[in-house]
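Good morning, colleagues. I would ask you to keep the structure on the screen in view while I take you through its main features.

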Amino acid sequence: MAGPDPGALKRLMTAIAEDTYRTAGETGLSELSPSVLGAIMDVPRQEFVPDGDAASAFDNRPLPIGHGQTISQPFVVALMTELLDIRPGDKVLELGTGSGYQTVVLAALGASVYSLEIIPQLADAAAKRLARLGASNVHLQTAQGWDGWPSQAPFDAIIVTAAAGRVPPALFRQLKPGGRLIVPIGEPGGHQVLMRIVKTEDGGITEERILSVAFVPLVED
Ligand code: SAH
């Protein structure tokens, strides 16, 4: 399949830089790291959107992927990835595989990604897509993710790509000391805040509010 139009990719990277700058007062981040931006440039987003949307794949906005779900806005994927502070070899849990785009961005940074998706049709489509793209170090399962993935815990980092009313309690337990959890918290269709939660080395917890966001709802148990 054809790669992205270089102009479209360049415009996307400019849009991400502009959003980073515009939100720096809230996020505290005036730039994203070269490794994260490199992963965004390397992962072919056109492969993760419905065929009819390939021309919009490099627009900096979410797109529908069917079943009422969306592939997140590239800036938000980049920001969440940055906040996870991925190091090669990190074991990462994702709730909400969706298209598998965020999954592959994390794997591109050298993480081993364990991703759960509750909608079987999306999970199957993502599995086929990732196999076709030859993605390695990704482990997908069709499951309700509210209880995390206990048999694979603990994780260096956990990302939730749907908005929850509260932090699923199991996720904090499944984080290693020093581990990072990124989760949008708030009402479906209402006010949501992206939270960064860190489990300290002594098992304590720190919480930061990062940015107002709009995500599809996490199905709670
Ligand atoms: N990260 C995805 C974005 C997916 S949108 C991407 O890059 O494409 C959020 C996804 O979370 C949807 O596919 C939705 O079905 C899934 N989801 C919602 N609640 C869930 C739950 N409790 N467990 C697992 N997946 C869930």
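Let me begin with a definition, as the element names depend on it: helices, of at least four residues, and strands, of at least two, are DSSP runs numbered from the N terminus. In these terms, Q174 is found in the loop between helix 7, residues 169-173, and strand 7. We shall return to that residue at the end. Please bear in mind that this is a predicted model.

On confidence, the protein averages a pLDDT of 96, and 99% of the residues score at least 70. Among the elements, strand 3 has the highest mean pLDDT, 99, and helix 1, residues 6-22, the lowest, 96.

I turn to the sheet. In what order do the seven strands of the open sheet lie? The order is 5-4-3-6-7-8-9, and the pairing is mixed. At the edges stand strand 5, residues 138-142, and strand 9, residues 205-213; each has a single partner strand, so one side of each is left without a neighbour in the sheet. On average, neighbouring strands of this sheet are turned by 15° against each other, direction ignored. Helix 6, residues 120-133, packs on the sheet and touches strand 4, residues 112-117, as well as strand 5. The direction of helix 6 makes about 160° with that of strand 5.

Next, the pairing of strands 7, 8 and 9. Strand 7, residues 175-186, pairs with strand 8, residues 192-199, in the antiparallel sense, over seven bridges. Within that pairing, L181 has I197 in strand 8 as its bridge partner. Strand 8 and strand 9 also run antiparallel, joined by eight bridges, and here L194 stands opposite L211 in strand 9. These two strands form a hairpin with five residues between them, and G203 in the turn has a positive phi of about 85°.

I now come to the aromatic residues. How many aromatic pairs are there? The count comes to three. One of them joins F48 and Y101 in an edge-to-face arrangement, at 5.5 Å centre to centre and with 70° between the planes. This pair links distant parts of the chain, 53 residues apart: F48 lies in the loop between helix 3, residues 34-42, and strand 1, residues 63-66, whereas Y101 belongs to helix 5, residues 101-108. Are F48 and Y101 buried or exposed? Both F48 and Y101 are buried.

Y114 and W149 likewise form an edge-to-face pair, at 5.5 Å centre to centre and with 85° between the planes. Because Y114 lies in strand 4 and W149 in the loop between strand 5 and strand 6, residues 155-160, the pair ties together parts that are 35 residues apart in sequence. Y114 and W149 are both buried. Ring pairs also bring in F155, linking Y114, W149 and F155 into a cluster.

Y114 has a charged group as company too: the charged end of K91 sits over its ring, 5.1 Å from the centre. In a similar way, the charged end of K199 sits over the ring of F172, 5.0 Å from its centre.

A few points of backbone geometry follow. The peptide bond from A153 to P154 is cis, with omega near 5°, and P154 lies in the loop between strand 5 and strand 6. D85 is not a glycine, yet its phi is positive, about 55°. It is situated in the loop between helix 4, residues 74-84, and strand 3, residues 91-95, and is partly exposed, with a relative accessible area of 36%. N137, another residue other than glycine, has a positive phi near 60°. N137 is found in the loop between helix 6 and strand 5, and its relative accessible area of 43% makes it partly exposed.

Finally, I return to Q174. Why does Q174 count as buried? Its relative accessibility is 7%, and buried means under 20%. Which residues does Q174 contact, leaving aside its neighbours within four places in sequence? They are L93, D147, G148, W149, P150, A153, P154, F155 and I158. The list includes W149 and F155, both members of the aromatic cluster, and also A153 and P154, the two residues of the cis peptide bond. As for G148, it is 26 residues from Q174 in sequence, and the C-alpha atoms of the two are 7.4 Å apart in space.

How values were computed: Residues numbered from 1 in each chain as written. Predicted model: local features only at pLDDT ≥ 70, side-chain atom pairs only at ≥ 80, totals over all residues. Heavy atoms only, no water. Pairing = 2+ DSSP bridges. Axes fitted to C-alpha atoms, helices over the stretch in contact; angles between N-to-C directions. Contact = heavy atoms within 4.5 Å. Phe/Tyr/Trp six-rings, centres within 6.5 Å; stacked < 30°, edge-to-face > 60°. Buried < 20%, exposed > 50% of the residue type's maximum accessible area, 1.4 Å probe, protein only. Lys NZ or Arg CZ within 6 Å of the ring centre and 35° of its normal. pLDDT = per-residue confidence, 0-100.
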